[in-house]
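Here is a short briefing for a first look. Keep the structure open while reading.

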Amino acid sequence: MRSYRHLFRTPEFTPLFLSSSAHIAGQTIGGLALGTLVYEATGSPLLSAVSMFGPSLAQVLGATLLLSWADGLPPRNALTAVSLGFAAGTALLALPGLPVWAVLVVVLAQGLVASLGGGVRWGLLTEILSKDGYLLGRSVFNMMSGAVQIAGYATGGALLVAIGSARVTLLLSALLFLAAAVTARLGLTPRPPRRSARPSVAATWRTNALLWSCAQRRRLYLALWVPNGLIVGCESLYVSYAPRDAGLLFACAALGMFVGDVTVGRLVPPAARARLGVPLLLLLAAPYLLFFVHPAVPLAATLVAVASVGFGASLVQQERLMALVPEELGGHALGLHSAGMLTTQGVSAALAGTVAQIGSPAVAMTAMAGLSVAVTGWLGWLGWRTRRGRAPATRRSVRVQFRSVLLRSPSSHKSAPSRPPIDGSI
């Protein structure tokens, strides 16, 4: 699959794309409205950051308890239920007089629901597309996410100014979640679960342990989770850094992410793409180091856009991850990636908000960027040492490893498909 035209001609791709677009638009507009509402009520950068990115904190619970359901539930029903849950929760957040502790409870509950939705969505994408079409399809979803965030933050900021009510804006985002649920229900075909075994907490723990048992997969997961999570901590401070221009900074971040995904997913040849993991992660963090001098909004927006091109590193790492797991565990593996990434983002938002409370948003953003550079350097060194110290894993060794462990499980699985050779890169 070589073109975007082929993607959108693939049955079910377009409904999944449209449903996901509406869901992300709801999250974008609702998140900005909620962060603004909490900041106006409390004046706290920490509470504002946690209200916007707090759903991510609950992802660790979802990754621990619920991920076996990502491959064990009918995808259409699961995605419909997730969007309906977000619609109800967002409508609840718009109620006047809701105390901050209740806001945070609702936000964390939404994050728990979202931890399941990510695994279901990306697992379904691997079913809809052929193996050679997944990277292109995922890059289109990432580009869509960037474009929708650009439009969503711009629209959300305009609505907050024009309407003057964050609660009304939250209700509009609830309608978007409702549209996402209807699109998923009417546009997707009923499919059976990818795994016949009954989902359970024990199955989630067992498969998580299996995915985490390989050093190469551990490195990839850490590269997917930590460096960009720390930079999302920087993004969580846009409201407190520039309260009147936060929408502009968010839109510039989404624009940079869009450019990175187009470049990595469509323009860079596969051979060159495999070497871009570390450089892109360094690009993601380095411009934020200049926030130490507290740049004016035009320069800050430029730095944010340039840095966000580095989010394209996740496409490189996801491609490598999918080469290291069998097909029937794709939803669980991608769900673990999504849940871990969002958890790290939530923790980073809380950490960045705490540092900003003590110092300033600019100092906190610089510190988070420096930590991201350090983690990327460490992961790159581990990958370099692995490549020098031993031969890369072959597709046979990956398949045999999964088969030997899964045969000890009470459930049965299909044998793993053939995969390309893997080295120690991130």
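Tyr 221 is buried, because its relative accessibility is 0%. Its partner Trp 212 is partly exposed, at 33%. The model is predicted.

**Aromatic rings**
- The structure holds 14 aromatic pairs.
- One of them joins Trp 212 and Tyr 221: the ring centres lie 6.3 Å apart, the planes meet at 35°, and the pair is tilted.
- Trp 212 also pairs with Trp 225; the centres are 5.7 Å apart and the planes are at 10°, so this pair is stacked.
- That stacked pair links distant parts of the chain, with Trp 212 in helix H9 (residues 201–212) and Trp 225 in helix H10 (residues 215–235), 13 residues apart.
- Trp 225 counts as buried because its relative accessibility is 13%, under the 20% cut-off.
- One aromatic cluster is made up of Phe 8, Phe 13, Phe 17, Trp 122 and Phe 141.
- Over the ring of Trp 122 sits the charged end of Arg 138, 3.7 Å from the ring centre.

**Around Glu 327**
- Glu 327 lies in the loop between helix H16 (313–322) and helix H17 (330–358).
- Its relative accessibility is 38%, so Glu 327 counts as partly exposed.
- Glu 127 is 200 residues away along the chain, yet the C-alpha atoms of Glu 327 and Glu 127 are separated by 9.3 Å.

**Confidence**
- The protein chain has a mean pLDDT of 82, and 86% of its residues reach 70 or more.
- Residues 394–398 have pLDDT below 50, with 5 contacts beyond near neighbours in sequence.
- Residues 404–422 also have pLDDT below 50, with 38 such contacts in the model.
- Predicted coordinates should not be read in detail where pLDDT is low.

Technical notes:
Residues numbered from 1 in each chain as written. Predicted model: local features only at pLDDT ≥ 70, side-chain atom pairs only at ≥ 80, totals over all residues. Heavy atoms only, no water. Helix = DSSP H or I, 4+ residues; strand = E, 2+ residues; numbered from the N terminus. Buried < 20%, exposed > 50% of the residue type's maximum accessible area, 1.4 Å probe, protein only. pLDDT = per-residue confidence, 0-100. Contact = heavy atoms within 4.5 Å. Phe/Tyr/Trp six-rings, centres within 6.5 Å; stacked < 30°, edge-to-face > 60°. Lys NZ or Arg CZ within 6 Å of the ring centre and 35° of its normal.
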